[in-house]
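Here's a quick walk through a single-chain fold, written for someone who likes the cut-offs spelled out. Have the viewer open as you read.

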Amino acid sequence: MTAWDKMRKRLKLNRPSLRQRARPPGLRTAAGTRFSAANLPSKLKLQHCSHCGHVQYPPTELCGACLEDGLVFRDTDTGGRLLARSDLHHSLWEYFKRRLQEGPWSIASVQLDVGPTVLAHLGPGNLQSGDRVQLFSHSDASQSSVLIAVPEATDLESRQARREIVTALGLDAAAIRPGGA
Ligand SMILES: [Zn+2]
């Protein structure tokens, strides 16, 4: 490899728009990293307080209700109601810039039946405010868990069913498309 080739390679690594594989934002807090690890093998795990029963999200060190140090990740009921949706038309992040070439990217706030309100990627089904939804976690191409909201009637039991939703959204690692340039 010549010095010129080396320089070009280095340049490519430093310019997201030239990378063949852009990645979603991967930076998480320590508690966020534990959330990703806990959700890797399961549908949805949130922190439950072992003192007062409060369900905590986003993940933190201490319970948001009683301030005790007793939060444990447990399988959590996935049901909730969509509060508001938003269609994004612009992103500064290369990974989403590429997806936005195909149309707006939908996100939503969801009030879970167990308490917390979360922000999630919005799956197929033209969901609107007030609709009943289900939430599941997915480990994205940066190995971080993100949340996806889908219609309540969707079958989420099998890993395969969840993977198909993720693929249709364009969020799985295999579906990464190279940039136009
Ligand atoms: Zn508590």
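pLDDT is the predictor's confidence in each residue, on a scale from 0 to 100. What you're looking at is a predicted model: local features need pLDDT of at least 70, side-chain atom pairs count only at pLDDT 80 or more, and totals for chains, interfaces and linings use all residues. Residues are numbered from 1 along each chain as its sequence is written.

The average pLDDT of the protein is 90, and 94% of the residues score at least 70. Residues 175-181 are another story: pLDDT stays under 50 there, and the model gives that stretch 10 contacts beyond four places in sequence. A contact here means two residues whose C-beta atoms, placed from the backbone, lie within 7 Å. Where pLDDT is low, the predicted coordinates should not be read in detail.

**Overall layout**

The protein has 4 helices and 8 strands, in the sequence pattern α-α-β-β-β-β-α-β-β-β-β-α. Helices (H or I, at least four residues) and strands (E, at least two) are DSSP runs, numbered from the N terminus. Along the principal axes, the C-alpha atoms fill a box of roughly 65 × 35 × 30 Å. Of contacts between residues at least 6 apart in sequence, 57% join residues at least 24 apart. Buried residues account for 24% of the 181 residues. On burial, count the other C-beta atoms within 10 Å of a residue's own, all placed from the backbone: 20 or more is buried, 12 or fewer is exposed, and in between is partly exposed.

**The open sheet**

One sheet is open, with 3 strands in the order β2-β1-β3 and antiparallel pairing. Two strands count as paired if DSSP finds at least two bridges between them. β2 (55-56) and β3 (71-75) are the edge strands, each pairing on one side only. β1 (residues 45-49) pairs with β3 over 5 bridges in the antiparallel sense, and Leu 46 has Arg 74 in β3 as its bridge partner.

**The barrel**

The other piece of β structure is a closed barrel of 5 strands, running β4-β5-β6-β8-β7 with mixed pairing. From one strand to the next, the twist averages 45°; the axes behind that angle are lines fitted to C-alpha atoms (for helices over the stretch in contact), and angles run from 0 to 180 degrees between N-to-C directions. Here are three of its strand pairs:

| Strand pair | Sense | Bridges |
|---|---|---|
| β5 and β6 | antiparallel | 5 bridges |
| β6 and β8 | parallel | 2 bridges |
| β7 and β8 | antiparallel | 7 bridges |

To check the register, Ser 109 has Leu 119 in β6 as its bridge partner, Leu 122 stands opposite Ala 149 in β8, and Gln 134 stands opposite Val 150 in β8. β7 and β8 make a hairpin with 5 residues between them, and Gln 143 in the turn has a positive phi of about 60°. β8 is largely enclosed by the rest of the structure, because 5 of its 7 residues are buried.

Ser 106 sits in strand β5. It is partly exposed, with 18 other C-beta atoms within 10 Å. Leaving out residues up to four places away in sequence, Ser 106 touches Arg 85, Asp 87 and Leu 122.

**The core and its helix**

What holds the most contacts inside the largest nonpolar core? That core has 20 residues, and the best-connected are Ala 108, Val 110, Ala 120, Val 133, Leu 135, Ile 148 and Ala 149. A nonpolar core is a set of buried Ala, Val, Leu, Ile, Met, Phe, Trp, Tyr and Cys residues joined through C-beta atoms within 7 Å. β5 (105-112), β6 (117-122), β7 (132-139), β8 (145-151) and α4 (159-169) each supply at least two residues, and β8 gives the most, with 4. Beyond its neighbours within four places in sequence, Val 110 contacts residues including Leu 82, Ala 120, Val 133, Leu 135 and Ala 149.

In α4, the buried residues are Arg 162, Ile 165 and Val 166. Seen down the helix axis, they fall within an arc of 100° (taken from the directions from the axis to the C-beta atoms), so they line one face of α4. These buried residues pack against β7 and β8. The face turned away from the buried side carries the exposed residues Gln 160, Glu 164, Thr 167 and Ala 168. Just after α4, Gly 170 takes a positive phi of about 85°.
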